[in-house]
Amino acid sequence: MPLGVIPAGTSNGMAKSLLDFVGESCTAFNATLAIIRGHKRSLDVATVLQGQKKYFSVLMLAWGLIADIDIESEKYRWMGSARMDFYAIQRIFCLRKYHGCIKFVAAPGFENFGEPNELGGEIDELNSNWVMQDGYCGPTFDMKGFNRKIEGPFVSIWLHNVPWGGEDVLAAPDAKFSDGYLDLIVMKDCPKISLATLMGEMNKGGHVRSPHVLYLKVKAFALEPGPRADDPNKEGIIDVDGEVLARGKGTYKCDQKTLMTYDKLHIKVDQGLATVFSPIN
């Protein structure tokens, strides 16, 4: 069943990606017209798995700086979309870093990113979790392919399925709607002044060219989130498609229940699994 996307939120990353691809402005009128015309395109869908729980994502996953800005800025929602920029300034000057590790299956041409990953006993555990699911469980998973890793601490980890994360944030300029890969943006360390400049270049995608940023494509991804580097008693937030997937200790609204726990999770993409109404190119 094709899905129609109309921009009616704060960021509207999916609607912006679909409309910008054909050079149209991100408006409810243009999005509605695209649905009426009935032209369709395929869209990759990422499956996020943790134990027996799964979550399907079409936009992005964030941990670290981007997730903190997206979720914690909710306290300034009365400011409208300006809340993002306002809270980003706060987070840059009070910068957090998080311990952790990411492992991934790199796309062709990106195999030299990160370090070799030694495979352990997690293979059978992960496979058994997938087999026990009812209904559609997401794509098949083989941890033997997770041959690369990057160790923290990290400023930000950002996975993107489409180019735009918001109407003014070109998060992953090389992302495609149905190429079967996720675009991974990694920031391990960055001086605050450089970070402020880098954030200002996100509206044109210039941040991915920064020497402080790693930008690559992956087929599958594993996140092992850890505590903040400055305070081991505080952890972070995992944000999927603008919603809180997991909250760690000492985070904003950490008393609220979330779908998953702040622990290891796995992500893999199904190429072209979804269908969306799209403007005609």
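Helices and strands here are DSSP runs, a helix having at least four residues and a strand at least two, and both are numbered from the N terminus. The model on your screen is a predicted one.

**Stop 1: the annotated stretch**

Select residues 1-52, which an unreviewed UniProt entry annotates as "domain: DAGKc". Over these residues the chain is 35% helix and 21% strand, and the C-alpha atoms at the two ends lie 26 Å apart.

**Stop 2: helix 1 and the residue before it**

Within that selection, pick N12, which sits in the segment before helix 1. Its phi is near 60°, a positive value in a residue other than glycine. N12 counts as buried because its relative accessibility is 16%, and buried means under 20% relative accessible area.

Now extend the selection to helix 1, residues 13-20, which is mostly covered, with seven of its eight residues buried. Which residues of helix 1 are buried? They are G13, M14, A15, K16, S17, L18 and L19. To see what covers these buried residues, display helix 2 (28-37), strand 1 (40-50) and strand 12, which are included in the cover.

**Stop 3: two helix pairs**

Two packed helices are described by the angle between their axes and the distance between the axes. Select helix 3 (residues 65-72) together with helix 4 (residues 82-93), which pack at an angle of about 130° with their axes 9 Å apart. That angle makes helix 3 oblique to helix 4, and helix 3 passes helix 4 in a right-handed crossing. If you show side chains, you can follow how L65, D68, I69, D70 and E72 in helix 3 meet R83, M84, Y87, A88 and R91 in helix 4.

Keep helix 4 selected and add helix 6 (residues 192-200); this pair packs at an angle of about 155°, with the axes 9 Å apart. Helix 4 is therefore roughly antiparallel to helix 6, and the crossing of helix 4 and helix 6 is right-handed. The contact is made by A88, I92 and F93 of helix 4 with K192, L195, A196 and M199 of helix 6.

**Stop 4: the cysteines**

A disulfide is a covalent bond between the sulfur atoms of two cysteines. How many disulfides are there when a pair of cysteine sulfur atoms must lie within 2.5 Å? The count comes to zero. Select C190, which is in no disulfide, the nearest cysteine sulfur being that of C94, 16 Å away. C190 counts as buried because its relative accessibility is 4%, and C26 also counts as buried, at 14% relative accessibility.

**Stop 5: a cis peptide bond**

Go next to P153, in the loop between strand 6 (148-151) and strand 7 (156-160). A cis peptide bond, with omega about 10°, joins G152 and P153.

**Stop 6: loops on either side of strand 11**

Select D241 in the loop between strand 10 (237-240) and strand 11. Although D241 is not a glycine, it has a positive phi of about 55°. Is D241 buried or exposed? D241 is partly exposed, with a relative accessible area of 22%.

Finish at K249, found in the loop between strand 11 (243-247) and strand 12 (265-277). K249 counts as partly exposed because its relative accessibility is 48%. K249 and E235 are 14 residues apart in sequence, while their C-alpha atoms are 5.2 Å apart in space. Leaving aside neighbours within four places in sequence, K249 is in contact with N233, K234 and E235.

Note on methods
Residues numbered from 1 in each chain as written. Predicted model: local features only at pLDDT ≥ 70, side-chain atom pairs only at ≥ 80, totals over all residues. Heavy atoms only, no water. UniProt positions renumbered as here; feature names shortened; annotations may be inferred. Disulfide = S-S within 2.5 Å. Buried < 20%, exposed > 50% of the residue type's maximum accessible area, 1.4 Å probe, protein only. Axes fitted to C-alpha atoms, helices over the stretch in contact; angles between N-to-C directions. Parallel < 35°, antiparallel > 145°, perpendicular 65-115°, else oblique. Left-handed = near helix turned anticlockwise from the far one by under 90°. Contact = heavy atoms within 4.5 Å.
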